[in-house]
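Trainee: Got a minute? I'd like to walk through this structure with you.
Mentor: Sure, put it up.

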Amino acid sequence: MISVLKAGLMTTIQDQGRYGNQKNGVIASGAMDQDSHRIANQLVGNTTNVPTMEITLMGPVLEFQQDTCIAICGGHLTPMIDGEPVSMWKPVYIKKGTELRFGQPKSGFRSYLAIAGGFEVPTVMGSASTYIRAGIGGYKGRPLEKGDTLTIGRQSEDSQYLMKKLTPSDPKERLREAPWFVDSSFTDYIGAKHPIRVMPGREYDLFETQSQYDFFHTPYTIDSKSDRMGYRLTGSTLKLKEKKDILSEAVAFGTVQVPPEGNPILLLADRQTTGGYPKIGQVASVDLPRIAQMRPGESLTFEQISHDAAQRLLLHHETKLKQLQRGIKTKYL
Amino acid sequence: MEQTMHPLGDQALIIDFGDRIDEETNYEVRKVASHLDREKPDWMVEYIPAFTTVTIFYDPFYIANHISKANQLPYDWVQEEMRHMLSELKDHGQTSRSIDIPVCYGGELGPDLPYVAKRNNMTEEEVIATHMEGEYLVYMIGFAPGFPYIGGMDKKIATPRRDDPRLTIPAGSVGIAGEQTGVYPIETPGGWQLIGRTPVKLFDPKKETPSLLQAGDRIRFTRINAEDYKEMKEDEE
């Protein structure tokens, strides 16, 4: 069991998302940074869809009521165990009674806490992800609050091996970190400044030539009215050559749509299933985790990428993540 | 019917049957949807049907590693597969479900009914009768969980959205926005002109099929009084 002593700014339970019911208008949700979510799970021996805790900017204070193994990946929000800094991107064994809290955010926006066995919450339509607006999924359909108690799920065989391997021989030791961590090529996307790669969207050609140029060459700032549903972007306003009604159709994680006032909106995990605004672009899937780690107030630029190149990058990235998974497994077998 | 295909990013493909909102086009969309429901291809994550399109989300890694030819990109494979599917697609004579939606019109539950009547030079009773006479088709579900895009409202009662959108519209509200009518499944902000409310739950996450309505359903609005509304509402809770 884990007690929530302080909730933090916005702490929710998420997994890979609620897919299969978007045709009924059910919002997908899921972890904003799927890479960190997934790697955190792999580090503690969970399968990739086990629920993790998504922690936003100002983290919670948690007390662990049992010996367990955790991993924290994603944005660096200065995690500390019993007051001492604790490493990210590696499994950490902790004793019953230890306290995890977060300090000043250093880089990135969202941290993912995985625990061996996962957070046990009821699944709704096949997913544990919290969708706050409809009050479904996660812990009672809402962000965590002070006083909540989370249950830990059953550990996989891999998690059990890992626990055994990391258990300190000296019973006085409160925590033990694995002597290895994830290679920096998996973690250096956090805080990276190079442009976000975007494919031209289905209605790209309907935009004025100037707008097409501006979209790929001028900076945009993430507005403070941004959330898990989407980032509102301010910068060069984008105009259609002529007013045209677009029929509502499916949108996806990373769709950039432009309402009539001309400020683009980048759709994220809690996006609507369908949209009726013209789509000027679609962020390449490999760059979505970087988007999820950007904060309101930060600025970004877009760079055009071809559909073929985006597909190749995604396949390559997935291969790398699969290799990482195998690499992690060899560490605790 | 002619169709085109387009990518939606690097993990989805859109089949587009044109730009007309009509029953014939939407029927093509439903034919594809029910085919995918029957086949449940293992490379597909899910699909989202809309007025004139079906968007198919796929697993590019699965396709690249288990199905497609060496060096063939996942999108190209899905496009070929969908062309083949469309050329062999049979019409199973999609039947529509008919669903009655009971509505308590006017009064506190339909505060904009007087405005809709005045604007269209009708009496409130005439507006209600016109709204009930319509033959409605659910073209798609989108925007919010269980929210139906409904076609078929008589233009005689068309009314523009409110200038000042309400911050909360209660679940079950039946409204008019331009030439559309709709029902709100969950409480949300919005600018629709509210003419009544239904006690029926349009979205219930506890049910196996959480959305009461599906694309392709025929719906009819029936009239109930305030007492019926209260009683049915209590039964639903």
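Mentor: One definition before we start: helices and strands here are DSSP runs, with at least four residues for a helix and at least two for a strand. Also, this is a predicted model.

Trainee: Okay. How much helix and strand is there over residues 3–213 of chain B?
Mentor: That stretch is 27% helix and 28% strand. Its end C-alpha atoms lie 26 Å apart. The unreviewed UniProt entry annotates residues 3–213 of chain B as "domain: Carboxyltransferase".

Trainee: Switching to chain A. How many helices and strands?
Mentor: Chain A has 5 helices and 23 strands.

Trainee: And why call chain A as compact as a globular protein of its length?
Mentor: Its radius of gyration is 21 Å, and the globule rule gives 20 Å for 333 residues, so the two are close. The C-alpha trace spans about 70 × 35 × 35 Å along its principal axes.

Trainee: What share of chain A is buried?
Mentor: Buried residues make up 59% of the 333. As for the surface, chain A exposes about 13300 Å², with carbon and sulfur atoms supplying 51%.

Trainee: Which residues touch the most other members of the largest nonpolar core?
Mentor: A:Ile39, A:Met53, A:Ile70, A:Leu100, A:Leu113 and A:Leu150, out of 50 residues in that core. Strand β5 of chain A, residues 68–76, gives the largest share, 5 residues.

Trainee: Is there a second core, and which residues does it include?
Mentor: A separate core of 30 residues includes A:Ile196, A:Phe215, A:Leu238 and A:Phe253.

Trainee: Where does A:Phe215 sit?
Mentor: In helix α3 of chain A, residues 209–217. A:Phe215 is buried there, along with A:Ser211, A:Gln212, A:Asp214 and A:Phe216.

Trainee: What do the buried residues of α3(A) pack against?
Mentor: Strands of chain A: β14 (196–200), β15 (220–222), β18 (255–257), β21 (279–283) and β23 (302–304).

Trainee: Back to A:Leu113. What does it touch?
Mentor: Leaving out residues up to four places away in sequence, its contacts include A:Met53, A:Ile70, A:Leu100 and A:Phe119.

Trainee: Now sheets. What is the strand order in the open sheet of 7 strands?
Mentor: β7-β6-β9-β4-β1-β12-β11 of chain A, with antiparallel pairing. The edge strands are β7 (84–85) and β11 (119–120), each pairing on one side only.

Trainee: How many bridges join β6 and β9 of chain A?
Mentor: 3, between residues 79–81 and residues 99–102. A:Leu100 in β9(A) is the bridge partner of A:Ile81. A:Leu100 is also one of the core residues that touch the most other members.

Definitions and conventions:
Residues numbered from 1 in each chain as written. Chains lettered and ligands numbered in written order. Predicted model: local features only at pLDDT ≥ 70, side-chain atom pairs only at ≥ 80, totals over all residues. Heavy atoms only, no water. UniProt positions renumbered as here; feature names shortened; annotations may be inferred. Core = buried A, V, L, I, M, F, W, Y, C linked by side-chain atoms within 4.5 Å. Buried < 20%, exposed > 50% of the residue type's maximum accessible area, 1.4 Å probe, protein only. Contact = heavy atoms within 4.5 Å. Rg over C-alpha atoms; globule rule 2.2 N^0.38 Å. Areas by Shrake-Rupley, 256 points an atom, 1.4 Å probe, with all protein chains shown as cover. Pairing = 2+ DSSP bridges.
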